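Me: I'd like to pin down the vocabulary used for this model before I trust it. Could you set the values against the definitions, one by one?

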Amino acid sequence: MGFDTSGLLPLSDALQGMLEQLACCCDSEQLPLPEAFGRVLASDIASPLAVPPFDNSAMDGYAVRLADLATGTPLIMAGKAFAGQPYQGEWPAGHCVRIMTGAPLPAGTDAVVMQEETQADGDRITFLCEPTAGQNIRLAGSDIGKGACVLQAGTRLTPREMPLLASLGVATVAVHRPLKVAIFSTGDELKPVGTPLAHGDIYDSNRYGVRAMLARMGCDCLDLGIIPDDPAQLRAAFIRADEEANVLITTGGVSVGEADFTKQLLDELGEIGFWKLAIKPGKPFAFGRLPRAWFFGLPGNPVSAMVTFDQLVQPALAKLAGQHFERPLQLQAIVAEPLKKSPGRLDFQRGIMSQGPNGLEVRSTGSQDSAVFSSLSRANCYIVLERERGRVAVGETVTVEPFGGLLL
Ligand code: AMP
Ligand code: MG
């Protein structure tokens, strides 16, 4: 092992500790349906209609009364019913009605016989099968009953919800205003893309990852850029973020290096806990409050910044934004190459899962150093290795977490 891990905070405790303190801080507003795409519902949606609103045909064919078919003789076609053009005429005994998919059933219909099971000779229709009552009929309200809760508050509107709401005739919806999140990167070595690098400089990559993940979550981002390791400039940036945003997310400066001024400043400005998490990557992490805004301090190493955002900040932001958060799906996979691991922390190794001859297999993407970003960009899943687990041999079963909404 080589280091004492007893003082490290388990991920689940950190998550629970954060979520207990957080509540939705976004007001709601009423928006026209198309503009509400990507927003989070602020209240439940009860269906104003039954869906379908009337009994209708599930097939192109003929609407029949079973009593008329008992004789076995052909029926005379009385007329036609189309979607949007109901059959309005008489429908005497011994008749049927030609009907198209989605057309309202003529009153008294017992069943719809699909066209392929009939033979037409002019208006005389012969039925080649014995229909059962109710076949090929979609009953009013069979999908959604009038007044039923179709979507719960906290649901983010995706392409799956938009047509559902439209099918109910919902023209406007109450949604939360987006969470406003200020971000900046800290570090004297950081330069923005599009500028040359001096010796010792690197490009600021974290801000691009954090911005992209905030965009995926539907947050409004106030990007304050790169702030050097300078107490006066850091203080000014913290104060501005606190005044203008609900949340501040920074990267870098939360470990114990000599240029890590954030701790000092934050102790003075707010109530911030500096945690050492029992996860790898991502040991240093800060969470707490500024006078108005919540604060999340991510580690500077690029892989750690992304992983801690995904695992810890995402559920926290969802709660602040009023959004219901689903725990990511976890699957079991067989390890196809040995994995290095020392007991002590919960590992989120970066892996490539694929379908093997005996089911799901997973391999590491190579170096798991938290500065090696290619290990994340090549991956399609985390390999989640339990805290006490050591090396993993080929053939052992491990938990994998496919990259979902934020990282895909
Ligand atoms: P720190 O947490 O500030 O000590 O940073 C840890 C490591 O992450 C150092 O190698 C930094 O240069 C690097 N780093 C910090 N911030 C960023 C960033 N925004 N983009 C890329 N690398 C970073
Ligand atoms: Mg730094």
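What follows is a short exchange about terms and the values behind them.

Reply: Happily. This is a predicted model, in which local features need pLDDT of at least 70 and side-chain atom pairs count only at pLDDT 80 or more, while totals for chains, interfaces and linings use all residues. Residues are numbered from 1 along each chain as its sequence is written, chains are lettered from A and ligands numbered from 1 in the order in which they are written, and side-chain values use heavy atoms, without hydrogens and water.

Me: Then let's start with the helices. At what angle do α5 and α6 pack?

Reply: Helices here are DSSP runs of H or I with at least four residues, and strands are runs of E with at least two, both numbered from the N terminus. Axes are lines fitted to C-alpha atoms, for helices over the stretch in contact, and angles between N-to-C directions run from 0 to 180 degrees. For α5 (residues 231-244) and α6 (residues 262-269), the angle is about 45° and the axes are 10 Å apart. Angles under 35 degrees are roughly parallel, over 145 roughly antiparallel, 65 to 115 roughly perpendicular and the rest oblique, so α5 is oblique to α6.

Me: What makes up the contact of α5 with α6?

Reply: Contact means heavy atoms within 4.5 Å. For the classes, Ala, Val, Leu, Ile, Met, Phe, Trp, Tyr, Cys and Pro are nonpolar, Asp, Glu, Lys and Arg charged, and the others, Gly among them, polar. From α5 come P231, L234, R235, F238 and I239, and they meet T262, L265, L266, E268 and L269 of α6. That gives seven nonpolar, one polar and two charged residues.

Me: Why are α1 and α7 called roughly parallel?

Reply: The axes of α1 (residues 11-21) and α7 (residues 302-320) cross at roughly 20° and come within 10 Å. That value is under 35 degrees, so the two helices count as roughly parallel. Their crossing is right-handed: the near helix is turned clockwise from the far one by less than a right angle, whereas anticlockwise would be left-handed. L11, A14, L15, M18 and L19 of α1 face Q311, L312, P315, A316 and K319 of α7. By class, these are eight nonpolar, one polar and one charged.

Me: And which word fits α4 and α7?

Reply: α4 (residues 206-217) packs on α7 at about 25°, with the axes 10 Å apart. Again the angle is under 35 degrees, so they are roughly parallel. The crossing is right-handed. On the α4 side the contact involves N206, G209, V210, M213, L214 and M217, and on the α7 side P302, A305, M306, F309, Q314, L317 and A318. These divide into 10 nonpolar, three polar and no charged residues.

Me: What is the strand order in the sheet that holds β13 and β17?

Reply: The order is β16-β13-β17-β21-β20-β18, an open sheet of six strands with mixed pairing. β16 (220-227) and β18 (271-276) are the edge strands, each pairing on one side only. From one strand to the next, the twist averages 15°.

Me: Why do β13 and β17 count as paired?

Reply: Pairing asks that DSSP find at least two bridges, and β13 (residues 180-186) and β17 (residues 247-251) have five in the parallel sense, so they qualify. I183 stands opposite I249 in β17. α1 packs on this sheet, touching β18, β20 and β21 (294-298), and its direction makes about 15° with that of β20. α7 touches β17, β20 and β21, at about 170° to the direction of β21.

Me: What makes β4 and β6 a pair in the other sheet?

Reply: β4 (residues 61-64) and β6 (residues 95-99) run antiparallel and share three bridges, so the requirement of at least two is met. A63, for one, has V97 as its bridge partner in β6. This open sheet has six strands in the order β7-β4-β6-β5-β9-β8, with mixed pairing. At its edges lie β7 (111-114) and β8 (118-121), and the twist averages 40° from one strand to the next.

Me: Finally, which backbone values deserve a second look, and why?

Reply: Most peptide bonds are trans, and most residues other than glycine have a negative phi. The V51 to P52 bond is cis, with omega near -10°, and P52 is in the loop between β2 (45-46) and β3 (56-57). K280 and P281 are also joined by a cis bond, with omega about 0°. N136 has a positive phi, near 60°, in the loop between β9 (124-127) and β10 (137-138).
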